[in-house]
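Reader: Please take one part of this model and go through it closely, piece by piece. I would like to know how it sits against the rest of the chain.

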Amino acid sequence: MEDTKKLLGSVTVSPKIIGEVEAQVKNIGDFKKKIGEYLVENITELLDVILYGAITLNTSDVHIEPEEKDARLRIRLDGILQDVVFFEQDAYHHLISRLKLLSKLKLNITDKPQDGRFTIEVADSLIEVRTSSLPSEYGESIVMRILNPKSLISLEELGLRDDLYKTFQKEIEKPNGMIIVTGPTGSGKTTTLYAFLKKIQNPEIKIITIEDPIEYHLKGVSQTQVAPDKGYDFSDGLRSIVRQDPDVILVGEIRDLETAKIALQASLTGHLVMSTLHTNDAAGTIPRLVDLGVESSSVASGLKMAVAQRLVRKVCKKCSTTIKPTASQLSDIKKGLKNLPKGVKIPDLDKIKIAKIKEGGCEACNFIGYKGRKGLYEAFLVDSEMEKFILKNPPVSEIRELAIKKGMVTMYQSGLIDIAEGITTFEEVARVVEEDEVAEEATK
């Protein structure tokens with residue numbers, strides 16, 4: 001029965017493997033050791049060990065990469081790729097064949113990219129895995145994106161400042177308008193949007209999403225997936241959704257003029273529309289929509305809030321320590337936070353201690369020094385003044401200036417607040433925030 005399930009794109013992890021992994025895999029070193037055992041003793045269950053070990057360590061992606069003489073397994077933890085193990089070509093070919101079979105990829109095609117998916121059944125939960133294969137010099141490179149429903153969090157769990165939480169809550173409870181969350185791939189945009197939906201979801205409103213693909217399944221929400229090969233894209237789906245009498249619409253991503261126009265039109269006709277866009281900062285949302293071909297008048301009247309975000313790693317609570325900032329570090333924090341709006345609460349900067357990670361970390365953080373991530377946000381609202389300003393087609397720099405003047409806390413400032421509270425480090429904030437923004441803030 002289990003084999004039949006596996007052929008249909010579902011893998012059931014045995015209680016034996018679950019028990020072993022949960023008891024013995026606490027960090028990457030343990031994971032490597034456990035994989036080594038199965039490479040020698042039981043290669044048929046190797047994939048199950050890899051998958052469940054990755055889930056146990058809260059991994060977002062698993063990479064299997066062939067090299068000239070062997071293959072490498074890497075996992076992405078808290079946004080950073082980590083080496084796990086190298087194994088021989090025989091084990092690599094066994095894994096690839098089984099993965100392709102599970103993911104419904106064609107076994108005989110090795111020279112073209114393919115995409116598939118399968119489900120892992122663990123106890124009472126179902127975890128979706130998206131598989132991507134890509135031809136490389138020494139074979140097919142496989143990446144598995146693990147979509148664990150446990151990573152879906154509420155608005156309260158996003159770790160927002162009070163002022164930001166109140167702003168988000170107020171805007172997502174409005175009956176119409178567009179909210180756009182921007183940022184690069186892997187910056188947590190989908191997690192934020194799903195947190196918005198979870199907050200406002202109730203039996204009195206109808207929520208419909210159109211995604212590519214559906215990443216997580218939400219109870220009580222109608223979700224539809226685009227299928228470009230069948231002529232069903234975001235703009236087609238959005239037209240159909242509007243006829244389904246929704247109150248709230250989530251569009252996975254705005255990629256073209258047609259989708260942008262329909263989404264903005266829906267926001268002007270009594271719907272709350274949420275979506276994502278690829279821009280560097282919140283201010284860049286407006287010029288990006290105009291670049292797609294949307295009239296600035298539609299943007300000005302339809303857009304209600306633009307949010308930009310990045311994810312920073314948090315210091316490990318078990319092994320990090322706190323120290324007094326140097327005079328230079330304290331000066332940077334004070335300079336960066338001197339013009340904050342009144343409603344933003346920050347610690348007494350003359351008494352702060354900043355986090356110092358332990359080099360080599362500890363077992364709890366996989367010997368890295370960081371464990372877990374949180375969002376850095378910047379957001380501005382489109383009020384009547386901003387609406388009139390947008391009609392002039394201003395450049396990003398001027399939109400940003402006005403947003404800051406009207407109370408926007410920048411992403412860099414959000415990072416400085418987290419540094420002052422001992423949550424993260426200067427190095428982490430510098431890693432994820434644009435260099436020009438750090439330089440710009442430093443010159444003020």
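Author: What follows looks at one helix late in the chain, then at a loop residue that touches it, with other elements for context.

The model is predicted, so local features are given only at pLDDT of at least 70 and side-chain atom pairs only at pLDDT 80 or more, while totals for chains, interfaces and linings use all residues. Residues are numbered from 1 along each chain as its sequence is written, and side-chain values use heavy atoms, with hydrogens and water left out.

The part in question is helix 14, residues 396-405. Helices here are DSSP runs of H or I with at least four residues, strands are runs of E with at least two, and both are numbered from the N terminus. The buried residues of helix 14 are I399, R400, L402 and A403 (buried is under 20% relative accessible area, exposed over 50% and partly exposed in between, with a 1.4 Å probe and protein chains only). These buried residues line one face of helix 14, because they fall within an arc of 165° seen down its axis; the arc is that of the directions from the helix axis to the C-beta atoms. An α-helix has 3.6 residues a turn, so residues three or four places apart point the same way. E401 and K405 lie on the other side of helix 14 and are exposed. After the helix comes G407, with a positive phi near 110°.

One residue that reaches this helix is D281, in the loop between strand 12 (272-277) and helix 10 (285-292). D281 has a relative accessibility of 13% and therefore counts as buried. Leaving out residues up to four places away in sequence, D281 touches V396 and R400, and also T182, A308 and E378 (contact means heavy atoms within 4.5 Å). R400 is thus one of the buried residues of helix 14 and a contact of D281.

Helix 12, residues 327-337, can be set beside helix 14: its buried residues are L330, I333, G336 and L337. They are on the same side of helix 12 because they cover an arc of only 135° around the axis.

For context from the strands, strand 5 and strand 6 run antiparallel and are joined by nine bridges (two strands pair if DSSP finds at least two bridges between them). F118 has V129 in strand 6 as its bridge partner. The two strands form a hairpin with two residues between them, and A123 in the turn has a positive phi of about 50°. Strand 6 and strand 7 are also antiparallel, with nine bridges, and L134 stands opposite S141 in strand 7.
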